[in-house]
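This report introduces a protein structure to a reader who has not met it before. The sequence and the model are shown first, and a description follows.

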Amino acid sequence: MHSLDAFASGKLAALEAMSLRRRLKPTRRLPGAVVERDGKRLLSFSCNDYLGLSQHPTVIAAAREAVAAHGAGSGASRLVTGDNPLISELEARLARLKGTEACVVFGSGYLANTGVIPTFAGKQDVVFVDELAHACIWAGAQLSGAKVVSFPHNDSDALAELLAQHRASFRHALVATDGVFSMDGDVAPLDWLSAVCEANDTWLLVDDAHGVGVLGEGKGTAALFPEAVIPLQMGTLSKALGSYGGYLCASQAVVDFLKTRARTVVYTTGLPPASAAAAIAALDLIEADPAFAAQPLRKARLFTQAAGLPRAESPIVPVVIGEADAALGASTALEAEGFLVVAIRPPTVPAGTARLRLAFSAEHSDEEVLRLAALVRPYVEAGQ
């Protein structure tokens, strides 16, 4: 056996022994939050398509029309020939939604954070990251070459203490956090984080991947904190907007600088026209009906009340099980009842906190939400 194969095989065996090996499962998504997997149809509570817009006829039609008019791909970097006119239209729409001067679109949310942070932080700077921030924030911070300092989850007082210790030693400082945390579903205290940053000449970056489209009448997490100063508002097109891609909304100067220096803009192919058109159509639907955008949170709160959990802050609700094998067992039991609720295991979450991560959609009926709550409640009670 080649030494590389031996290395990989040994790692896989170790992961298997800890119930931590991951396997891809082909899944066909259908309207109504239904998926087809292993020959079975299941009601999915594991998809981030919070409004079902990836399956919406208007969004699909917009994508088809874009393919017919512009082709399937962009063909090059945006700075070469890949800057399709639909991307500029999308950027204007996102800036309007977020209330900023400008916006730059990236190929994905991961590319956004790994491009933005290194563009504004380097070896003379410091980046403070919430300990539970998404992996792409950590990746961007590490790629920047800046000093990276973790701060306790959602603790603005601890952040203030860390800034007092470190800020004066560095040229610039940046704080990076999720708006809605993808594994816990809680919301960052952006008012307090903003105040701490403003008092210490520190730039605040908020990843709103799981907030835009579903919180603040669809405008996202920042809309819940109108007094907060958030100079870097990042998000994705791949969740509530039902498409694919990422973006950063900011001032015109910040966006112009990113378009000329961010490596994940300069050196990667532009967003496909269909993705841009689909996102624009999704924004139309969200802006036209704020009550529709509020449905995933309403469903999540219906569930938490019935399951005996703390009131949901977002469409994401975790049910912490503990060990990975137990979480896998709970997921299998729910699948037997017709629900897809995927188990989330380390290293995505800390050791000993493997969980069921439920994502609520406007397409879930109240009856099915309550039926799932009844099935999940024993796991909740066991963990209390």
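How many bridges join strand 1 to strand 2, and do the two run parallel or antiparallel? Three bridges join strand 1 to strand 2 (residues 34-37), and the two strands run antiparallel. Strands (E, at least two residues) and helices (H or I, at least four) are DSSP runs, numbered from the N terminus.

The model is predicted: local features need pLDDT of at least 70, side-chain atom pairs count only at pLDDT 80 or more, and totals for chains, interfaces and linings use all residues. Residues are numbered from 1 along each chain as its sequence is written, and side-chain values use heavy atoms, with hydrogens and water left out.

**The four-stranded sheet**

Strand 1 and strand 2 belong to an open sheet of four strands in the order 1-2-3-12, with mixed pairing; two strands pair if DSSP finds at least two bridges between them. Its edge strands, strand 1 (28-30) and strand 12 (339-340), each pair on one side only. R29 has V35 in strand 2 as its bridge partner. The loop between strand 1 and strand 2 holds A33, a residue that is not a glycine and yet has a positive phi of about 60°.

**The seven-stranded sheet**

A second open sheet, also of mixed pairing, is formed by seven strands in the order 4-10-9-8-7-5-6. Strand 4 (102-106) and strand 6 (147-151) stand at the edges with a single partner strand each, so one side of each has no neighbour in the sheet. From one strand to the next, the twist averages 20°. Strand 8 (residues 203-207) and strand 9 (residues 232-236) run parallel and are joined by three bridges; V206 stands opposite Q233 in strand 9.

Helix 5 (residues 135-144) packs on this sheet and touches strand 5 (126-130), strand 6, strand 7 (173-178) and strand 8. Contact means heavy atoms within 4.5 Å. The direction of helix 5 makes about 165° with that of strand 5. Helix 6 (residues 156-166) also packs on the sheet, touching strand 5, strand 6 and strand 7, and its direction makes about 155° with that of strand 6.

**Helix pairs**

Two packed helices are described by the angle between their axes and the distance between the axes. Axes are lines fitted to C-alpha atoms, for helices over the stretch in contact, and angles run from 0 to 180 degrees between N-to-C directions.

| Helix pair | Axes come within | Crossing angle |
|---|---|---|
| Helix 2 (residues 57-70) and helix 10 (residues 273-288) | 8 Å | roughly 145° |
| Helix 13 (residues 324-336) and helix 14 (residues 366-382) | 11 Å | roughly 155° |

The angle of the second pair makes helix 13 roughly antiparallel to helix 14, a term for angles over 145 degrees. There A330, A333 and L334 in helix 13 meet L372, L375, V376 and Y379 in helix 14. The residues of this contact are seven nonpolar, no polar and no charged; Ala, Val, Leu, Ile, Met, Phe, Trp, Tyr, Cys and Pro count as nonpolar, Asp, Glu, Lys and Arg as charged, and the others, Gly among them, as polar.

In the contact of helix 2 with helix 10, the residues divide into 12 nonpolar, two polar and no charged.

**A cis peptide bond**

P346 and P347 are joined by a cis peptide bond, with omega about 10°. P347 lies in the loop between strand 13 (343-344) and strand 14 (354-359). Most peptide bonds are trans.

Technical notes: Angles under 35 degrees count as roughly parallel, over 145 as roughly antiparallel, 65 to 115 as roughly perpendicular and the rest as oblique.
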